[in-house]
Amino acid sequence: MRFRTQSSPHVIPAHSVGGVMQQVLMALVPGTLAMTWFFGWGVLVNVLLGVLFAVAFEAAMVAARKRPVMATLADNSAIVTGWLFALAIPPLAPFWVTLIGIAFAIIVAKHLYGGLGYNPFNPAMVGYVVVLVSFPREMALWPAATTLPESPLTLLQSLQTVLTGSLPGAQEWDAVTRATPLDAMREGLVSGRTVGEITASPLFGTFTETGWEWVGNFFLLGGLYLLFRRIIHWHIPVAVILGVAIPAGFFWLLDPDSFASPAFHVFSGAVIIGAFFIATDPVSASTTPLGRILYGAGIGVLIFVIRTWGGYPDAVAFAVLLMNMVAPTLDHLTRPRVFGRSRGGPPPGDGHA
């Protein structure tokens, strides 16, 4: 009898790289629409520019490396990088901030390390940290969600502001932008006010703060979709959220006047999108089950520590990059036992057991 033989690989992965990235993009849609609703058309303008710049830099670098351009672009990884970076920056940030950040993310953080699959750090977060440290004024231009219904910028006005760096007409930046809840909480605590006095501002709502919690809820919806489709594992998102909530809850119980609640920390800033969409990067994150839990918990604890005692009100990008450095060591120390072998020993029956 003649048996049919096939060449490797014999185990076909359930998802292709392009398919995984498509699912991630679909999961980003609800949160992106929520951000647009609360923070204006500038969110969509930034996403469009971020994707265009990312694809252009990706094509240029792939061509420079003499690799097939269209086949590489088809994996959609550049689109995901551009989209995530655009969501991280203020909606009214000038276009050159996006250009510089994306250039650093795609050229330096991705292709100078060998391209997709070889980058030790999350490219979108590398680009974000570069522009955050380099251009603090432009990265502080967050519009206040509560003021948008009163004088929202139209799509054309938002596009004009992003392209020119100036508001249309006689509008002033102080009338459009406002400190984020994380900024307001940090500055208020530093000046000696209590959490109750700070959250009495209209910037804060009954849950955590006006607008931001709903953005987090919609990104959470997209994250649950990724878990349902088994695009990501539960270990990292759960560990990140608990890593933030547990120390935040401990200090909040000790002194609720000096420390914000766990709900405020989880649904403020970029914790939810970071837990489900950024920390779960399959290339730069830990890959073993226990390693994923330690990796995610480390990110969560670092977010709380940097927010509370560090120099930046939000800390997701710094926490992710710091834990990217630790991920290879976590994988080495948490390797699961190989079937047929004792942990750390040679296989039984080879004469050395």
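## Leucine 302 and its surroundings

In this predicted model, L302 is a residue of helix α15. Its relative accessibility is 23%, and L302 therefore counts as partly exposed, since the buried class is reserved for values under 20%.

Leaving out residues up to four places away in sequence, L302 touches A315, A319, L322 and M323. For one of these partners, A315, the separation is 13 residues along the chain, and the two C-alpha atoms lie 7.6 Å apart.

## The pairing of α15 and α16

Two packed helices are described by the angle between their axes and the distance between the axes. Helix α15 covers residues 289-309 and helix α16 covers residues 316-333; their axes come within 9 Å and cross at roughly 150°. Angles over 145 degrees count as roughly antiparallel, and α15 and α16 are therefore roughly antiparallel to each other. Their crossing is right-handed.

Which residues of α15 meet α16? On the α15 side they are G291, L294, Y295, G298, I299, L302, I303 and I306. On the α16 side, the residues met are V316, F318, A319, V320, L322, M323, N324, A327 and L330. An α-helix has 3.6 residues a turn, so residues three or four places apart point the same way.

## Helix α14 and its partner α12

Helix α14 spans residues 271-278 and is mostly covered, with 8 of its 8 residues buried. These buried residues are V271, I272, I273, G274, A275, F276, F277 and I278.

Helix α12, made of residues 235-254, packs against α14 at an angle of about 155°, with the axes 8 Å apart. This angle makes α12 roughly antiparallel to α14. The crossing of α12 and α14 is right-handed. In this pairing, I236, P237, V240, I241 and V244 of α12 meet V271, I272, A275 and F276 of α14.

## The nonpolar cores

In soluble globular proteins, nonpolar side chains tend to be buried together. In this model the largest nonpolar core has 77 residues, and the members that touch the most other members are L28, L87, Y128, F219, F277, Y295 and I299. Helix α1, residues 17-39, gives the most to this core, with 10 residues. Apart from it lies another core, of 8 residues, including M185, V195, I198 and F204.

What surrounds F219, once its neighbours within four places in sequence are left aside? F219 is in contact with L28, G31, T32, M35, L87, I272, I273 and F277. Of these partners, I272, I273 and F277 are also among the buried residues of α14.

## Threonine 161

T161 is found in helix α7, which comprises residues 155-164. Is T161 buried or exposed? Its relative accessibility is 0%, so T161 counts as buried.

Apart from neighbours within four places in sequence, T161 is in contact with L92, L153, S166, L167, P168 and W173. T161 and F95 are 66 residues apart in sequence, while their C-alpha atoms are 9.0 Å apart in space.

## Two residues with positive phi

Most residues other than glycine have a negative phi, and most peptide bonds are trans. N76 has a positive phi, near 65°. N76 is placed in the loop between α3 (69-73) and α4 (77-88). With a relative accessibility of 12%, N76 counts as buried.

R230 also has a positive phi, near 60°. R230 lies in the loop between α11 (212-228) and α12. At 71% relative accessibility, however, R230 counts as exposed.

## The chain as a whole

The protein chain contains 16 helices and 0 strands. It has 353 residues, of which 49% count as buried. About 17,600 Å² of the chain is exposed, and carbon and sulfur atoms supply 67% of this area.

How many of the contacts between residues at least 6 apart in sequence join residues at least 24 apart? The share in the protein chain is 74%.

Methods. Residues numbered from 1 in each chain as written. Predicted model: local features only at pLDDT ≥ 70, side-chain atom pairs only at ≥ 80, totals over all residues. Heavy atoms only, no water. Core = buried A, V, L, I, M, F, W, Y, C linked by side-chain atoms within 4.5 Å. Buried < 20%, exposed > 50% of the residue type's maximum accessible area, 1.4 Å probe, protein only. Helix = DSSP H or I, 4+ residues; strand = E, 2+ residues; numbered from the N terminus. Contact = heavy atoms within 4.5 Å. Areas by Shrake-Rupley, 256 points an atom, 1.4 Å probe, with all protein chains shown as cover. Axes fitted to C-alpha atoms, helices over the stretch in contact; angles between N-to-C directions. Parallel < 35°, antiparallel > 145°, perpendicular 65-115°, else oblique. Left-handed = near helix turned anticlockwise from the far one by under 90°.
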